[in-house]
Amino acid sequence: MTDRRSFLSRSASVAVLGGIMPAGFMNAAFAQTLPTLGNAVDPENVLVVVQLAGGNDGLNTVVPYADDNYYRVRPQINVAADKLLKLDDHVALNPALSGMMELYKQGHVALMQGVGYPNPNRSHFEATQIWETASVDRPIQTGWLGRYLDAAMQVGARTANPFGAVSLGDTLPAALVGAHTDVPAIGALNNYAFQTGKNLDQKSSAGMLYDGAKPGQSPYLQMVEDTARNAYHGGDRLRSLLAGYTTTVAYPGDNFSQQLKLAAQLIGSKAGTRIIFVSLGSFDTHANQRVQQDRLLGYLGTGLKAFYDDLKAHGNDKRVLTMTFSEFGRRVSQNASGGTDHGTAAPVFVVGGALKGGIYGAHPSLTDLDKNGDLLHSQDFRAIYATVLERWLGRSSRDVLAGTYAPIAFV
């Protein structure tokens with residue numbers, strides 16, 4: 001695997017706007033278009049990807065309460081059966097996910113069980129890179145969504161909409177790194193602007209430079225100019241686009257929910273955003289897991305419930321699909337510190353007003369384990385990606401994922 005420094009160096013930024021805007025122009029000369037499927041999907045469809053960073057413990061998220069082995073191997077950190085939100089006679093949601101349960105009852109949640117890939121990696125960075133690039137066997141420079149965005153453009157075409165895809169955070173995830181597509185990272189709307197401090201002369205000079213630059217001998221200068229211009233004018237344009245959006249939904253005050261509030265504004269405005277990446281962190285629960293994970297799952301459930309209430313109030317819930325992922329699950333047994341260590345397979349939630357809700361796949365066995373004593377996966381995460389790409393975004397998944405994966409029937 002490539003190390004973190006070399007991977008990030010390929011995502012060098014040219015301007016800072018409350019986050020970063022990467023320069024995809026370095027590999028533009030080698031970009032290739034990818035085929036569409038020709039099937040009818042709504043061009044207004046939006047995909048929201050939620051990263052549960054740190055390795056979320058799947059067994060305390062979707063609890064196999066009917067299996068006595070669960071309580072045997074987790075005597076201190078198990079979730080009591082009488083507290084659980086039962087989905088069927090076998091599995092239940094953590095009670096902190098009451099918001100998710102409400103969405104599930106409405107038929108708006110598809111639960112994918114036992115999701116992973118062959119020969120799982122337990123390194124945070126390398127496992128995250130695998131999920132975000134969809135490359136299990138070898139490191140590559142682009143993310144799966146970055147390749148989708150590249151495919152949606154013609155070779156050599158400029159990005160028509162700088163907000164067609166956004167990351168709501170201070171850094172750009174590897175998933176959105178493309179060969180010739182620029183994606184902004186928006187840390188906070190009020191801070192999304194060209195960073196010159198209080199020096200208005202500097203800002204004015206930068207504006208004249210970016211607006212007046214002329215292509216020279218370099219074949220990449222035009223791309224540099226376009227990216228810099230988007231960086232300079234992007235903040236003002238985005239605030240103008242979102243100015244008319246109002247909501248009656250009371251979002252929780254945590255950062256994750258506030259990111260989803262901004263996501264709803266982007267979706268409900270004329271920004272034309274179709275891909276949104278949001279992250280919720282600190283799931284690396286090696287010690288005292290219950291308090292930490294329950295708090296984070298509470299943010300996830302209540303945040304998504306408010307988000308979809310907001311979307312529905314504006315008639316947007318049926319065109320927005322949200323999927324979660326985490327770089328890995330946790331070990332089956334608790335450790336001596338009241339937590340869990342790095343593991344393998346875990347559940348994935350897909351949420352949306354137009355999907356086919358329910359449970360997909362069987363919960364992993366707690367006794368039939370791999371050679372390391374970890375859960376065996378039954379569904380490849382790339383099959384979920386293939387479903388999203390083909391049935392929601394209307395693009396062939398074969399070249400994006402470098403292989404063929406049978407779609408799952410949640411859409």
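Which residue in β11 does Thr322 stand opposite? In this predicted model, Thr322 stands opposite Val351 in β11, and that strand is a useful place to begin, since the points below start from its neighbours and then turn to a small sheet and to the aromatic rings.

**Strand β11 and its partners**

- Strand β11 covers residues 346-352, and 7 of its 7 residues are buried, so the strand is largely enclosed by the rest of the structure.
- Strand β10, which covers residues 320-325, is joined to β11 by 3 bridges, and the two strands run antiparallel.
- Strand β7, made up of residues 109-116, is joined to β11 by 5 bridges, and this pair also runs antiparallel.
- Within the pairing of β7 with β11, Val115 has Ala346 as its bridge partner.
- As general background, the strands of a sheet pair through backbone hydrogen bonds, and the pairing may be either parallel or antiparallel.

**An open sheet of 3 strands**

- An open sheet is built from 3 strands in the order β4-β6-β5, and the pairing in this sheet is antiparallel.
- The edge strands of this sheet are β4 (62-63) and β5 (85-86), each of which pairs on one side only.
- Strand β4 is joined by 2 bridges to strand β6, which consists of residues 92-93, and these two strands run antiparallel.
- Across this pairing, Val62 stands opposite Leu93 in β6.

**Aromatic rings**

- The structure holds 9 aromatic pairs, and one of them is formed by Phe307 and Tyr308, whose ring centres lie 5.3 Å apart with the planes at 80°, so the pair is edge-to-face, because planes over 60 degrees apart are counted in that way.
- Phe307 counts as buried because its relative accessibility is 0%, while Tyr308, with a relative accessible area of 4%, is buried as well, because the cut-off for being buried is under 20%.
- Phe381 and Tyr385 form another pair, with ring centres 5.1 Å apart and planes at 80°, so this pair is edge-to-face too.
- Both Phe381 and Tyr385 lie in helix α10, which covers residues 381-392, and they are 4 residues apart, about one turn of the helix.
- Both residues of this helical pair, Phe381 and Tyr385, are buried.
- Phe381 and Tyr385 also belong to one aromatic cluster, which they form together with Tyr117, Trp131, Trp144, Phe277 and Phe325.

Conventions. Residues numbered from 1 in each chain as written. Predicted model: local features only at pLDDT ≥ 70, side-chain atom pairs only at ≥ 80, totals over all residues. Heavy atoms only, no water. Buried < 20%, exposed > 50% of the residue type's maximum accessible area, 1.4 Å probe, protein only. Pairing = 2+ DSSP bridges. Phe/Tyr/Trp six-rings, centres within 6.5 Å; stacked < 30°, edge-to-face > 60°.
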